Amino acid sequence: FSGFALSGCTSPDNQTPNAQIPDKPAEDVPAVNAMDFANSYGGYVFGVGGGTVWCTINVNPNFVICEHREVDVSYQLPAAPATCEGAWGYQAKLWAFVPSEGKVADWYCSSGLFSDPDGIYDLASGNKITVQGITCFASEQVARCDNENGQYLVLGSEVYAFGN
């Protein structure tokens, strides 16, 4: 496990300025059994950092959404697009592929929680889970999810980043 990398080049549109963004996990990082995190809706749900952030990997369609509650956010929320009539800046979405519309990794306009974090298991810091081309990694209280094309999302209460 390689720890954190300090990002020197940032943009307010896709990354928290001057934040510590976890590196993509090395191949030898311990992987958990994804079935231990399966829910009854065909997804895989896990918490990070004691429940501050939680993510849901969906198999069909193939994407991951990481989220947290509004009260847990300490970064400056990004401006919502005019097309978003819900909450913006609390849920981040990464597709396993290039979608027909929008970015591979971006904020997700939502009218509520995507999944319920109550009773879910934590992905221990330093471990990863892989489901159908999406690998998520827990680094302290930050989740990092990567697809096989090198695109990623990072979400924590103090940090976010997208790699498109």
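Modeller: A residue counts as buried when its relative accessible area is under 20%. Keep that cut-off in mind. This is a predicted model.

Colleague: What makes strand β6 mostly covered?

Modeller: Five of the five residues in β6 (91-95) are buried. Both faces are covered. Q91, K93 and W95 are buried on one side. A92 and L94 are buried on the other.

Colleague: Why do those residues split between two sides?

Modeller: Side chains in a regular strand alternate between the two faces of the sheet.

Colleague: Which strands pair with β6, and how do you know that they do?

Modeller: A pair of strands needs at least two bridges. Strand β5 (residues 63-67) is joined to β6 by five bridges, and β6 has three with strand β7 (residues 105-107). Both counts reach the cut-off, so both are pairings. Each runs antiparallel. K93 is a bridge partner on both sides: I65 in β5 and D106 in β7.

Colleague: What makes β3 and β7 edge strands?

Modeller: Start with the order, which is β3-β4-β5-β6-β7 in an open antiparallel sheet. β3 (43-48) and β7 each have a single partner strand, so one side of each lacks a neighbour in the sheet. Neighbouring strands here are turned by 15° against each other on average, direction ignored. β3 pairs with strand β4 (residues 53-58) over six bridges, and V48 stands opposite V53.

Colleague: Why is the link of C55 and C66 called a disulfide?

Modeller: The cut-off is 2.5 Å between cysteine sulfur atoms. In C55 and C66 the sulfurs are 2.1 Å apart. That is within the limit, so the pair qualifies. C55 lies in strand β4 and C66 in strand β5, so the link ties together parts eleven residues apart in sequence. The torsion about the S-S bond is about 105°, so the disulfide is right-handed. C55 has 0% relative accessibility and counts as buried. C66 is buried too, at 0%.

Colleague: C84 and C109 also form a disulfide. Why are these two cysteines put in separate burial classes?

Modeller: Set each against the cut-offs. C84 has 12%, which is under 20%, so C84 is buried. C109 has 30%, which lies between 20% and 50%, so C109 is partly exposed. Their sulfur atoms are 2.1 Å apart. With 85° about the S-S bond, this link is right-handed. C84 is in the loop between β5 and β6, and C109 in the loop between β7 and β8, 25 residues apart.

Colleague: How many disulfides are there by this rule?

Modeller: Three. Another joins C136 to C145 at 2.1 Å, with both cysteines buried.

Colleague: What is the strand order of the sheet that runs from β8 to β12?

Modeller: The order is β8-β9-β10-β11-β12, open and antiparallel. Strand β9 (residues 134-139) and strand β10 (residues 142-147) share six bridges. A138 stands opposite A143 there.

Colleague: Why is D146 in β10 called buried?

Modeller: D146 has a relative accessible area of 3%. That is under 20%, so D146 is buried. Its side chain makes a polar contact of 2.9 Å with that of R144. Beyond four places in sequence, D146 is in contact with residues including K24, L94 and Y152.

Colleague: How confident is the predictor in this chain?

Modeller: The mean pLDDT is 87, and 91% of the residues reach 70 or more. Over residues 1-12, pLDDT stays under 50.

Definitions and conventions
Residues numbered from 1 in each chain as written. Predicted model: local features only at pLDDT ≥ 70, side-chain atom pairs only at ≥ 80, totals over all residues. Heavy atoms only, no water. Helix = DSSP H or I, 4+ residues; strand = E, 2+ residues; numbered from the N terminus. Buried < 20%, exposed > 50% of the residue type's maximum accessible area, 1.4 Å probe, protein only. Polar contact = N/O pair within 3.5 Å; in protein donor to acceptor, adjacent residues only side chain to side chain. Contact = heavy atoms within 4.5 Å. pLDDT = per-residue confidence, 0-100. Axes fitted to C-alpha atoms, helices over the stretch in contact; angles between N-to-C directions.
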